[in-house]
Amino acid sequence: MSIHRSAVIGSGLMGAGIAEVLAKAGQDVIVSEVSADASAAGRARIEKSLARAVAKGKLSEADRDAAWSRLRFTTDIGEVADRQLVIEAASENEEIKKSIFAELDAVVTDPEAILASNTSSMPIIRFAQATSRPERVLGVHFFNPAPVQPLVEIVSSVLTADEVRETMTGFVAEVLGKSPIQAGDRPGFIVNALLIPYLCSAIRMLESGFATKEDIDAGMVGGCAHPMGPIALADLVGLDTCLFAAESMYAETGDLAVKPPVLLSRMVDAGLLGVKTGRGFYEY
Ligand code: CAA
């Protein structure tokens, strides 16, 4: 199966990044959003990132224009009917995601189409079961910033067809030029199963007054050669996304390592979500 027509549902931090990656790889891309405002914000995000890629010398102006011309924005999910691949990247809310999958199942006409979720930690099987074609559903998990990070987790549920996993793995490697790894449908897959306990520990360390955020971050940058420390990384990922991932992993495992720190919940209650809102633990 050769994929040319794809769509992304949601154009927040991750959805916009994924749409950009697809368009740069030559895909005809539809980006579907819930409102005109959200769609305009997604457009602006992609435009800004493409401009940054040009400024950094990663993309020519001609390739930027070509990528931009391959993107189409809509607030009507029905427009994704003819797509061969749809990647859901809505906010980390299980009910919202399930209803999107049910809607995709109703509108996408090609029985061979692949329906994927970019969820960072939720069970893929629950989205698969919201459709009449669970064997065509899998997780395709990108990392933030998607245009820069090379990794993509391919997450197969117990019902994902081998052929769907193989097609997506080939597509990610050969068409998108990214590095796929295979993960089981378990809380946090591979990366977040390790990352979320780490970020929660760092926030608990800050909360306890044991160390400042600057010193926690400097510790992991200077001591372990991470490109950024965990507090800055939580801000980059989005504190709401960190909280939802921790909540969903904690609900399923009861592992105290992913019990959401109270400080994280309070930050989210306050609307301080990190880089995307201009203020999280740091100001941007
Ligand atoms: N398009 C293409 N390339 C871009 C770009 C864009 N929009 N913006 C930046 N780049 C490139 C730059 O050209 C540069 O490339 P080189 O190294 O080849 O020069 C590279 O990306 C780094 O960019 P900058 O120099 O501008 O910025 P930086 O050095 O401060 O790095 C960062 C920024 C990429 C975010 C880096 O700090 C980093 O990798 N941090 C860790 C991010 C991380 O861990 N992400 C995973 C989060 S977890 C997640 O997402 C999953 C989840 O489910 C929670």
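Pro145 lies in the loop between β6 (137-142) and β7 (151-156), and in this predicted model the peptide bond that leads into Pro145 from Asn144 is cis, with omega near -5°. Most residues other than glycine have a negative phi, and most peptide bonds are trans. The bond from Asn144 to Pro145 therefore stands apart from the trans form that most peptide bonds take. Asn144 also leads to the ligand, since it is listed among the closest of the 19 residues that surround the ligand, together with Arg52, Lys56, Lys58 and His141.

From here the ligand site can be followed through its contacts. The side chain of Arg52 places an N or O atom 2.7 Å from an oxygen atom of the ligand, and the side chain of Lys58 places an N or O atom 2.6 Å from an oxygen atom of the ligand. A nitrogen atom of the ligand, in turn, is 3.0 Å from an N or O atom in the side chain of Ser49. On its own the ligand has 1100 Å² of accessible area, and the protein covers 68% of that area. The elements that give two or more residues to the shell around the ligand are α2 (36-55), α7 (191-207) and α9 (230-237).

The shell can also be described by its composition and by the domains that supply it. Its residues divide into 10 nonpolar, six polar and three charged. Domain 1 (5-184) and domain 2 (191-277) each contribute at least three residues to the shell around the ligand, and the ligand is thus described with reference to both domains, because the shell draws on each of them under an automatic or database assignment of their bounds.

Two further backbone features, both concerning phi, deserve attention. Phe189 is found in the loop between β8 (179-184) and α7, and this residue has a positive phi of about 50° although it is not a glycine. Ala225, in the loop between α8 (213-224) and α9, likewise is not a glycine and has a positive phi, in this case of about 60°. Are Phe189 and Ala225 buried or exposed? Phe189 is buried, with a relative accessible area of 7%, whereas Ala225, at 66% relative accessibility, counts as exposed.

The cysteines give another view of the interior. How many disulfides does the structure hold? The structure holds zero disulfides. Cys200 is in no disulfide, and the nearest cysteine sulfur to its own, that of Cys242, is 7.6 Å away. Cys242 is likewise in no disulfide, with the sulfur of Cys200 as its nearest cysteine sulfur at 7.6 Å. Because a disulfide is counted when a pair of cysteine sulfur atoms lies within 2.5 Å, the 7.6 Å between the sulfurs of Cys200 and Cys242 does not qualify. Both residues are withdrawn from the surface in the sense of accessible area, for Cys200 is buried, with a relative accessible area of 2%, and Cys242 counts as buried at 4% relative accessibility.

At the start of the chain, Met1 is found in the segment before β1 (5-9), and at 44% relative accessibility Met1 counts as partly exposed. Met1 and Thr167 are 166 residues apart in sequence, yet their C-alpha atoms are 7.1 Å apart in space. Ile3 is found in the segment before β1 as well, but Ile3 is buried, with a relative accessible area of 7%. Between Ile3 and Leu50, which are 47 residues apart in sequence, the C-alpha to C-alpha distance is 23 Å.

Two other positions help to span the fold. Leu71 is found in strand β3 (residues 71-74) and is buried, with a relative accessible area of 10%. Leu71 and Glu247 are 176 residues apart in sequence, and 34 Å separates their C-alpha atoms. Asn93 lies in the loop between β4 (85-88) and α4 (94-107), where Asn93 is partly exposed, with a relative accessible area of 32%. The side chain of Asn93 reaches the backbone nitrogen of Ile96 at 3.0 Å, while the C-alpha atoms of Asn93 and Val172, 79 residues apart along the chain, are separated by 25 Å.

Methods
Residues are numbered from 1 along each chain as its sequence is written. This is a predicted model: local features need pLDDT of at least 70, side-chain atom pairs count only at pLDDT 80 or more; totals for chains, interfaces and linings use all residues. Side-chain values use heavy atoms; hydrogens and water are left out. A residue is near a molecule or strand if one of its heavy atoms lies within 4 Å of it. A polar contact is a pair of N or O atoms within 3.5 Å; within protein, one must be able to donate a hydrogen and the other to accept it, and residues adjacent in sequence count only if both atoms are side-chain atoms. Accessible areas come from the Shrake-Rupley method with a 1.4 Å probe; for residues, only the protein chains shown count as cover. Helices (H or I, at least four residues) and strands (E, at least two) are DSSP runs, numbered from the N terminus. Ala, Val, Leu, Ile, Met, Phe, Trp, Tyr, Cys and Pro count as nonpolar, Asp, Glu, Lys and Arg as charged, and the others, Gly among them, as polar. Buried means under 20% relative accessible area, exposed over 50%, partly exposed in between (1.4 Å probe, protein chains only).
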